[in-house]
Amino acid sequence: MSPEQRVIADLRELAARTGTPDGAQRLAWGPVWREAREWFRGKVAELGLTVETDPAGNNWVTLAGDSPKTVIVGSHLDSVPNGGWLDGALGVMAALEALRMHVGARPPVTLKLVDFADEEGARFGRSLLGSGAAAGVLNIDDVRDLKDRQGTRLADALAENGVTLDRMLDAHPSLKAIDARAYLELHIEQGPVLESINKSTGVVLGTFGVERHMLRFTGQAAHSGSTPIPMRRDAFLAAAQTALECREIATRHSKPGAGVVCTVGVVNVEPKIVTAVPGVCEISLDQRALDPAVLSVMVRDARAASERAAADNHVNVEWRKLWQIDPRPFDRRLVQLCEEAVREETGDAPRLPSGPLHDAAEMAPLMPVVMMFAYSSNGLSHCKEENTPPEHLEKTIRAFLRLVEKTVAHVATS
Ligand SMILES: [Zn+2]
């Protein structure tokens, strides 16, 4: 069996063991996820290697090389409920294959595989939990009171898995102790870009920065029959006008290969009566870009647009920040190596940013990082329909294994 076929066979086996007809069921900290990790432990044992768990619940496998300089390859085994067969698992199985290729002949540098715990945040709402702890940026007090839908506390779910909430950050010094020279992650794109250009594989330039705000427009509720339109203070119309202008702002700042996005995902109107002019309207605004300068201009433009729309409709607007993360551009040299690997395997090397966050984003401040994306059928992910057609998947796995080899050679000589 070829390496890429072996990766696909492992993925199919995992899907059969931990999925249902509705999709993957490897919800972090739950029984099916533990079963997936147990199965994976067996795969690792077949190579004569062992799995070690850090204080944040991340699983590590080490293949010692001639040098302590280390190339880390990984992703995550957890999934959302009814998730896809490739999200996270593709990166972990490809990492396993990268180690398998070196078992028996000591590699020039040390190779480590990592399976980060709870990348998805699907149960407790905090994504990148394990990698955030390893990166030392998880604020334990922010997650202390999190509960799942059944009312189970995060701390209790962690304890069932041998993880102590208050000791999770101990994973950080153990990561810092590694002489890490590269972190490589293969992931399904989860979007429609590669499919739209019919390319198997993409070079990821970095993860988008995110600016997330709630905008509250306050006017005056009034009777819909008796209040002439010019005399209204309609908060919804101001919000709607802002939403349309934000789309224009995103379109204006999008360039080929450097797209940006914005989304109004929540709209709350008061008093929400068919016969009343809305007196209050709240909308969420989520803006994302890879270039920090572009992102800050987008926020500034959106703010100006909201103030204009408020003035036009005789209402007030207030902004409240929900969440923010800086863009994480990937390492220039590793992006180059990734381009070489993808071009050699597929004849072309399309570059694209990542809209979703990944564990790689948490590693980026600590070490050189690059990601590679696989074609995503219909751009779908986090659902049972998630897929990469076999010919695209095989090419992408080969390109990724090439990237690992190139990185090992690069790190060995630098
Ligand atoms: Zn993922």
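Where is Lys272 found? Select Lys272 and you land in the loop between S12 and S13. This is a predicted model, so treat everything on this tour as computed.

**Stop 1: the S12–S13 loop**

Stay on Lys272 and check its backbone: phi is near 60 degrees, a positive value in a residue other than glycine. Is Lys272 buried or exposed? With 68% relative accessibility, Lys272 counts as exposed. Now step back to Pro271, which sits in the loop between strand S12 (267–270) and strand S13 (276–277). Show the peptide bond from Glu270 to Pro271: that bond is cis, with omega near 5 degrees. For context, most residues other than glycine have a negative phi, and most peptide bonds are trans.

**Stop 2: Asn82**

Jump to Asn82, in the loop between strand S5 (67–76) and helix H3 (89–100). Here is another non-glycine residue with positive phi, with a value near 55 degrees. Color by accessibility and Asn82 comes out at 34%, so it counts as partly exposed.

**Stop 3: H1 and its two partners**

Next, select helix H1 (residues 3–18) together with helix H13 (residues 390–412). Their axes are 9 Å apart and the packing angle is about 115 degrees, which makes H1 roughly perpendicular to H13. Turn on side chains and look for Pro3, Glu4, Gln5, Val7 and Ile8 of H1, which make the contact with Leu393, Glu394, Ile397, Arg398 and Leu401 of H13. The crossing of H1 past H13 is right-handed.

Keep H1 on screen and swap H13 for helix H2 (residues 31–46); H1 and H2 pack at about 145 degrees, with axes 10 Å apart. H1 passes H2 in a right-handed crossing too. Which residues of H1 meet H2? Look for Asp10, Glu13, Leu14, Arg17 and Thr18, facing Val32, Glu35, Ala36, Trp39 and Lys43 in H2.

**Stop 4: helix H10**

Now pull up H10, residues 292–312. This helix has 21 residues and reaches 30 Å from its first C-alpha to its last, close to the 30 Å expected at 1.5 Å a residue. Zoom in on the start: a side-chain oxygen of Asp291 comes to within 2.8 Å of the backbone nitrogen of Ala293. At the other end, H10 is followed by His314, whose phi is positive, near 60 degrees.

Then highlight the buried residues of H10: Val294, Leu295, Met298, Val299, Asp301, Ala302, Ala305, Ser306, Ala309 and Ala310. A reminder while you look at the spacing: an α-helix has 3.6 residues a turn, so residues three or four places apart point the same way. What covers the buried residues of H10? The cover includes strands S9 (209–218), S11 (261–263), S14 (280–289) and S15 (316–325), along with helix H9 (235–253).

**Stop 5: Gln287, looking back at H10**

Finish on Gln287, which is found in strand S14. At 1% relative accessibility, Gln287 counts as buried. Which backbone oxygen does the side chain of Gln287 reach? Draw a distance to the backbone oxygen of Met298 and you should get 3.3 Å. Met298 is one of the buried residues of H10. Leaving aside neighbours within four places in sequence, the contacts of Gln287 include Leu295, Met298, Val299 and Ala302, and also Gly209, Val210, Glu211, Val261 and Cys262.

Methods. Residues numbered from 1 in each chain as written. Predicted model: local features only at pLDDT ≥ 70, side-chain atom pairs only at ≥ 80, totals over all residues. Heavy atoms only, no water. Helix = DSSP H or I, 4+ residues; strand = E, 2+ residues; numbered from the N terminus. Expected span 1.5 Å × (residues − 1). Buried < 20%, exposed > 50% of the residue type's maximum accessible area, 1.4 Å probe, protein only. Contact = heavy atoms within 4.5 Å. Polar contact = N/O pair within 3.5 Å; in protein donor to acceptor, adjacent residues only side chain to side chain. Axes fitted to C-alpha atoms, helices over the stretch in contact; angles between N-to-C directions. Parallel < 35°, antiparallel > 145°, perpendicular 65-115°, else oblique. Left-handed = near helix turned anticlockwise from the far one by under 90°.
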